[in-house]
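Please examine how the secondary-structure elements of this model are arranged. The explanation refers to the sequence and coordinates shown here.

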Amino acid sequence: MPSRHDLDRAGLGALLEGEPRYRVDQLWDGLHRRALEPDELTGLPRPLRTRLADEPALAPALTLETERVSDGGSTVKWLWRLDGGARVETVLMHYPGRSTVCVSTQAGCAMACGFCATGQAGFERHLTTGEIVEQVVRAVRAARAAEGRRVSNVVFMGMGEPLLNLDRVLAAVEALNDPRRFGLGARHITVSTSGVVPGIRRLTALGPRFTLAVSLHAARDALRDVLVPLNRRWPVAEVVAAARDHARSTGRRITYEATMIGGVNDTSSDAEAMAALLRGDHAHVNLIPMNPVAHTPWTASPMPVIERFAATLRGAGISTTIRRNRGQEVGAACGQLA
């Protein structure tokens, strides 16, 4: 069922029929400034708040099932139940000087990547715009209540393939970018894809809106076919060509993600293949040690191996970072959301 963040001003106006027009602005601003319940909108008259409290369209879209905290309170993972019973997870991560929320765009995922718990769970349904946006609202409220912190970055890297739910993702980005709602700058929003080429091409045509991240994981088709089955539809050279065109058109650097799996995609040949593929591009590579995932024999590459891989990429002039994993013990790290 659509939620309050799926409603435009006309939709809110229909709920407020008979009220002064300025009440629409009050309701719009309140719902997009961290209010979860109409009763929190103290600028509205009490009788109106009471009436709106019974409006199904204004009810919260997410019901909390569990909250788990790790890293000394710096990482929080929430499991939400959605309308119809589907479940998704959201992760809030605090760093010195910034806080990032990782949101889901689908319940489950159809990509079936073997190193990812979400992909192994299968696909259930797309999230609505409201369900996506409310994850950010919840994180904003939690950050403020805990330490008076501000969520400064949103990454669409939770459960699901964002570019297969692109219309709703774009509407969510618009809400986050809108100065009257969340006011997040485009450079503080990252949308990830496992390589949906038509979606990348569509984003390029729309122009710069956020940072694009591509889950690369391997530069050789034979290996990427295994790690990212979507590669059988859009091979790695086609994915990178689309990302390269996006960078040239928008002026925005592409981020490539590579989960490092011991003895699988971390060899010197793999590093050289990735260096050859990305050399000269406006790109940055994040190397991420694989996090533990049930039902797979794979494990993370040893750190010295990852460091040698990074050195090969840097030697080719490619900006590279080795990412620190967060939230492993509560299943909140990359690839563990299920």
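The paragraphs below treat the sheet and then a pair of helices.

This is a predicted model, in which local features need pLDDT of at least 70, side-chain atom pairs count only at pLDDT 80 or more, and totals for chains, interfaces and linings use all residues. Residues are numbered from 1 along each chain as its sequence is written, and side-chain values use heavy atoms, with hydrogens and water left out.

An open sheet of 10 strands follows the order β1-β2-β3-β4-β7-β8-β9-β10-β11-β12, with mixed pairing. Strands (E, at least two residues) and helices (H or I, at least four) are DSSP runs numbered from the N terminus, and two strands pair if DSSP finds at least two bridges between them. At the edges lie β1 (63-70) and β12 (319-322), each pairing on one side only. Neighbouring strands are turned by 20° against each other on average, direction ignored. Within the sheet, β9 (residues 211-215) and β10 (residues 254-260) run parallel and are joined by 3 bridges; Ala213 stands opposite Thr255 in β10. Helix α11 packs on the sheet and touches β10, β11 (283-289) and β12, where contact means heavy atoms within 4.5 Å. The direction of α11 makes about 170° with that of β12.

Helix α11 (residues 303-315) also meets helix α10 (residues 268-278): their axes come within 9 Å and cross at roughly 30°. Axes are lines fitted to C-alpha atoms, for helices over the stretch in contact, and angles run from 0 to 180 degrees between N-to-C directions. The crossing angle therefore makes α10 roughly parallel to α11, a term for angles under 35 degrees. The contact involves Asp270, Ala271, Glu272, Met274 and Ala275 of α10 together with Phe309, Thr312 and Leu313 of α11.

How values were computed: Angles under 35 degrees count as roughly parallel, over 145 as roughly antiparallel, 65 to 115 as roughly perpendicular and the rest as oblique.
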